Amino acid sequence: MSKRYLLFSDTHGRNAAAEHVLRSFGPFDAAIFCGDGEGLENVLQSMPGCPAELFMVAGNCDHYTTLNEDAVFPLGGHKVFLTHGHKYAIRRDLTTLASFAEKNGCDLCFFGHTHIPADETVNGVRCLNPGSLGLPRQEPAFPTFVILTLEDDGSVSAELCKLKR
């Protein structure tokens with residue numbers, strides 16, 4: 001049976017967008033947040049539709065948090081490296097990020113920071129950036145998130161979803 005995961009990032013205190021996604025696009029088996037929530041970790045679990053399982057990291061704008069900057073965890077037969085990305089030169093390319101994920105035995109890497117969606121495989125590591133729910137920077141600038149679906153056979157699909165402003 002397949003599992004659905006919400007992958008999102010960079011809400012920057014705009015929690016209504018996260019709540020809307022949880023309510024309107026769920027249910028999800030887990031939520032994965034790539035940082036810069038500016039307090040989101042304090043309210044996410046109380047939002048309607050929030051799954052019990054949460055994976056969250058701190059971003060460069062999360063100043064008063066106890067969240068770690070990086071996390072490694074199993075996900076449906078895969079191993080995930082989760083980070084905000086600001087410490088891995090991701091504006092240049094994803095080589096450093098993918099290399100760090102690979103050294104940790106990860107085949108999936110989720111990150112944020114750029115506020116621009118990306119889905120690129122580098123040296124066998126699939127690197128996914130869901131863009132930003134709070135301050136999108138791609139053109140046209142729609143808030144974005146990703147619905148990940150992990151199938152029983154281990155395959156991973158990533159649907160980039162856009163919210164209307």
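This is a tour of a predicted model, stop by stop, with a selection to make at each one.

**Stop 1: the open sheet**

Select strands β3, β2, β1, β9 and β10. They make up an open sheet of 5 strands, in the order β3-β2-β1-β9-β10, and the pairing is mixed. Colour β3 (54-56) and β10 (156-162) separately: these two stand at the edges. Each has a single partner strand, so one side of each is left without a neighbour in the sheet. Viewed across the sheet, neighbouring strands are turned against each other by 20 degrees on average, with direction ignored.

Now add helix α1, residues 15-25. The helix packs on the sheet and touches β1 (3-8) and β9 (144-150). The direction of α1 makes about 165 degrees with that of β1.

Next, keep β3 on display together with β2, residues 30-33. In which sense do β2 and β3 pair? The sense is parallel, over 3 bridges. To find one residue pair in this ladder, pick I32 and look across to β3, where F55 is its bridge partner. Leave F55 visible for the next stop.

**Stop 2: aromatic pairs**

Show the rings of the aromatic residues. The structure holds 6 aromatic pairs. Begin with F25 and F145, an edge-to-face pair with 5.0 Å centre to centre and 70 degrees between the planes. F25 lies in helix α1 and F145 in strand β9, so the pair ties together parts that are 120 residues apart in sequence. The two rings are not equally covered: F25 is partly exposed, at a relative accessible area of 28%, whereas F145 is buried, at 0%.

Then return to F55 and add F73. Why is this pair called stacked? The ring centres are 3.8 Å apart and the planes are at 10 degrees, so the pair falls in that class, for which the planes must be under 30 degrees apart. F55 sits in strand β3 and F73 in strand β4 (residues 70-75), and the pair links parts of the chain 18 residues apart. Both F55 and F73 are buried.

Finally, select F81, Y88 and F100 together. These three residues form one aromatic cluster.

**Stop 3: the cysteines**

Select the cysteine side chains and show the sulfur atoms. How many disulfides does a search of the whole structure find? The count is 0. Start from C34: the closest cysteine sulfur belongs to C109 and is 8.4 Å away, too far for a bond. Moving to C109, the nearest cysteine sulfur is that of C127, at 4.6 Å, and C109 is in no disulfide. The cut-off for a disulfide is 2.5 Å between the sulfurs. C34 is buried, with a relative accessible area of 0%, and C109 is buried with a value of 0% as well.

**Stop 4: the β7-β8 hairpin and R126**

Select residues 118-122 (β7) and 125-129 (β8). These strands pair in the antiparallel sense over 5 bridges. The hairpin has 2 residues between the strands, and N123 takes a positive phi near 50 degrees there.

Put T121 on display. Its bridge partner in β8 is R126. Is R126 buried or exposed? R126 is buried, with a relative accessible area of 19%, just inside the limit of under 20%.

Show polar contacts around R126. Its side chain is joined to that of D119 by a polar contact of 2.7 Å. A polar atom of the R126 side chain also lies 3.0 Å from the backbone oxygen of V156. Expanding the selection to contacts, and leaving aside neighbours within four places in sequence, brings in D107, L108, C109, D119, E120, T121, V156 and A158. C109, from the previous stop, is among them.

**Stop 5: I116**

Move back along the chain to the loop between β6 (108-110) and β7, where I116 lies. I116 is partly exposed, with a relative accessible area of 37%. Which residues does I116 touch, not counting those up to four places away in sequence? They are N129, G131, R137 and Q138. For a last distance, pick the C-alpha atoms of I116 and F142: the residues are 26 apart in sequence and 9.9 Å apart in space.

Methods
Residues numbered from 1 in each chain as written. Predicted model: local features only at pLDDT ≥ 70, side-chain atom pairs only at ≥ 80, totals over all residues. Heavy atoms only, no water. Buried < 20%, exposed > 50% of the residue type's maximum accessible area, 1.4 Å probe, protein only. Pairing = 2+ DSSP bridges. Helix = DSSP H or I, 4+ residues; strand = E, 2+ residues; numbered from the N terminus. Axes fitted to C-alpha atoms, helices over the stretch in contact; angles between N-to-C directions. Contact = heavy atoms within 4.5 Å. Polar contact = N/O pair within 3.5 Å; in protein donor to acceptor, adjacent residues only side chain to side chain. Phe/Tyr/Trp six-rings, centres within 6.5 Å; stacked < 30°, edge-to-face > 60°.
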